[in-house]
Amino acid sequence: MSDIGSWRELLGKYLGTSIVLAGGVALYATNEFLTISLLPSAVAEIGGSRLYAWVTTLYLVGAVVAATSVNTLLLRIGARYSFLTGLAVFGVASLVCAAAPNMDVLIAGRTLQGVAGGLLAGLGYSLINAELPRWLWTRGSALVSAMWGVATMVGPAMGGLFAQFGLWRWAFGALTILTVVMAILVPRALAGRGPIPEASETSRHQVPIWSLLLMGAAALAVSVAQIPHNLVATAGLLAAGVLLVTVFVVVDWRAHAAVLPPSVFRRGPLRWIYLTMALQMAAVMADTYVPLFGQRLGHLTPVAAGFLGATLALGWTVAEVVSASLEERAVISRVIAVAPLLMAGGLALVAATQRVDASVGIVALWAVGLLIGGIGIGMVWPHLSMRAMDSVDDPAESGAAAAAINTVQLISAAFGAGLAGVVVNTTEGGDLPEARWLYAVFAALAATGVLTAYRAARDKKPAQSDSSA
């Protein structure tokens with residue numbers, strides 16, 4: 001049997017499980033991008049434009065906080081009930097959003113959606129190693145993480161369609177229906193195992209409160225950093241976010257109930273794997289402003305600008321599916337090492353070709369650069385996910401290592417989005433310098449991943465006898 005199994009096996013014998021695991025991430029990610037598209041229509045009906053940014057900010061903060069509690073919840077109540085809990089909260093929150101009479105209620109519903117969505121997305125990663133055989137971990141990781149790329153394409157189109165016909169509330173109603181369908185599938189797809197018996201009573205019953213608070217505060221700081229136009233305030237908020245993440249790492253290292261697996265703090269590749277993931281995911285968030293600059297510099301229609309923004313997601317999704325078929329460890333190591341350079345090169349091409357009144361040919365170059373950038377992260381993500389789950393000292397830590405993937409992804413996305421807003425809001429001179437600086441800064445950010453990727457590709461898992469080193 002192949003070391004990585006086959007797509008036929010994953011989507012045949014394990015179809016139900018695959019739908020549930022990928023569906024959790026798809027619900028979270030689609031909801032994020034869908035709301036961005038329909039929010040102007042919602043504001044026009046219920047008001048609250050001054051609170052516009054908080055609809056996304058608190059959604060993200062709630063998701064980051066929930067992501068840090070995934071492993072604890074799994075240890076306490078098991079996979080099936082964890083998923084059903086997340087789906088129940090997500091469904092109720094979606095109904096709250098659909099019925100919101102004003103912006104305050106909509107924000108409350110969105111925050112609750114973020115908490116439930118962060119839990120569902122985290123479960124999608126953390127249950128790969130529990131619900132699938134080891135030889136399907138790479139393909140399972142590719143399928144689950146590809147949902148981000150799919151959501152980037154489907155979410156804006158779906159939200160725009162509902163908004164076009166003045167039915168923005170029904171978009172949240174549709175999410176509720178999808179949630180119910182998934183809830184019906186969960187008992188059939190996931191084993192009815194209860195709490196993990198191997199887990200200690202301490203780790204099972206303690207909730208990482210300090211980790212939750214610190215990560216939530218860090219996500220809030222970097223998300224809010226893009227709102228003020230005062231450089232000092234912005235720099236202070238970003239610095240506060242970095243400091244809070246640093247304190248989180250120290251606290252988590254010393255905690256009995258932790259978010260990160262203990263292997264992160266020992267010799268081995270796990271820390272470098274997570275750092276590589278974080279840098280790549282943060283760099284992806286340059287895509288947030290692609291539709292905006294596509295309209296302003298390339299004079300694209302909103303629909304065409306949306307498709308331009310989806311180019312990166314297309315490259316990510318296709319590259320993940322193709323790359324997941326790689327089997328030779330040496331080849332995979334080279335892919336990990338090269339991927340940040342490919343992503344940086346794509347974003348650099350976009351930065352270098354920014355023009356006012358851009359021609360069709362220039363816009364095509366933007367699309368090529370974004371496609372290359374998407375391929376860069378897509379080709380490496382399933383292998384980093386697989387190595388994260390397989391690089392722990394103790395096999396019992398594998399679930400925590402998988403759950404931490406989502407935590408790393410969400411907090412780095414928050415930092416990336418915050419940094420993108422900061423670059424655009426603090427650059428003077430209009431749209432052209434803003435666009436050039438945005439893509440150049442994020443190309444440099446992606447390029448820094450070369451150092452961490454090199455270590456992630458070369459460092460080997462320590463022997464069991466050496467796990468305490």
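A residue counts as partly exposed when its relative accessible area lies between the 20% under which it would be buried and the 50% over which it would be exposed. Asp 390 comes out at 26% in this predicted model, so it lands in that partly exposed class. The Asp 390 side chain meets the side chain of Arg 134 in a salt bridge, with 2.5 Å from N to O. This pair ties together distant parts of the chain: Asp 390 belongs to helix α17 (residues 381-390), Arg 134 sits in the loop between α6 (128-131) and α7, and 256 residues separate them. Arg 134, with a relative accessible area of 41%, is partly exposed too.

How many salt bridges does the structure hold? There are three. Another one brings the side chains of Arg 169 and Glu 45 to 3.0 Å, again N to O. Here the link runs between helix α8 (residues 168-189), home of Arg 169, and helix α2 (residues 15-46), home of Glu 45, and the two residues are 124 apart along the chain. Arg 169 has a relative accessible area of 23%, so it is partly exposed, and Glu 45 at 47% is partly exposed as well.

Then there is the salt bridge between Arg 296 and Asp 431, whose side chains meet at 3.1 Å, N to O. It joins helix α13 (residues 290-298), which holds Arg 296, to helix α19, which holds Asp 431, across 135 residues of chain. Arg 296 is partly exposed at 42% relative accessibility, and Asp 431 is partly exposed at 24%.

Helix α19 deserves a quick check of its own. It covers residues 431-458, 28 residues in total, and at 1.5 Å a residue it should span 40 Å. The C-alpha atoms at its ends are 42 Å apart, which agrees with that expectation. The helix does bend, by about 35° at Thr 452.

Away from the charged pairs, what kind of patch do Met 153, Val 154, Leu 314, Val 318, Val 322, Leu 371 and Ile 375 form on the surface? It is a nonpolar one, and together these residues offer about 520 Å² of accessible area. Helices α7 (137-164), α14 (302-323) and α16 (360-378) are the elements that each give two or more residues to it. The largest share, three residues, comes from α14. Val 322 is located in that helix, and because its relative accessibility is 57%, it counts as exposed; the cut-off for that class is over 50%.

Terms used:
Residues numbered from 1 in each chain as written. Predicted model: local features only at pLDDT ≥ 70, side-chain atom pairs only at ≥ 80, totals over all residues. Heavy atoms only, no water. Patch = residues over 30% accessible without salt bridge, like charges linked within 9 Å, V, L, I, M, F, W, Y side chains within 5 Å. Areas by Shrake-Rupley, 256 points an atom, 1.4 Å probe, with all protein chains shown as cover. Salt bridge = Lys/Arg side-chain N within 4 Å of Asp/Glu carboxyl O. Helix = DSSP H or I, 4+ residues; strand = E, 2+ residues; numbered from the N terminus. Buried < 20%, exposed > 50% of the residue type's maximum accessible area, 1.4 Å probe, protein only. Expected span 1.5 Å × (residues − 1). Bend = angle between axes of the 7 residues up to and from the residue.
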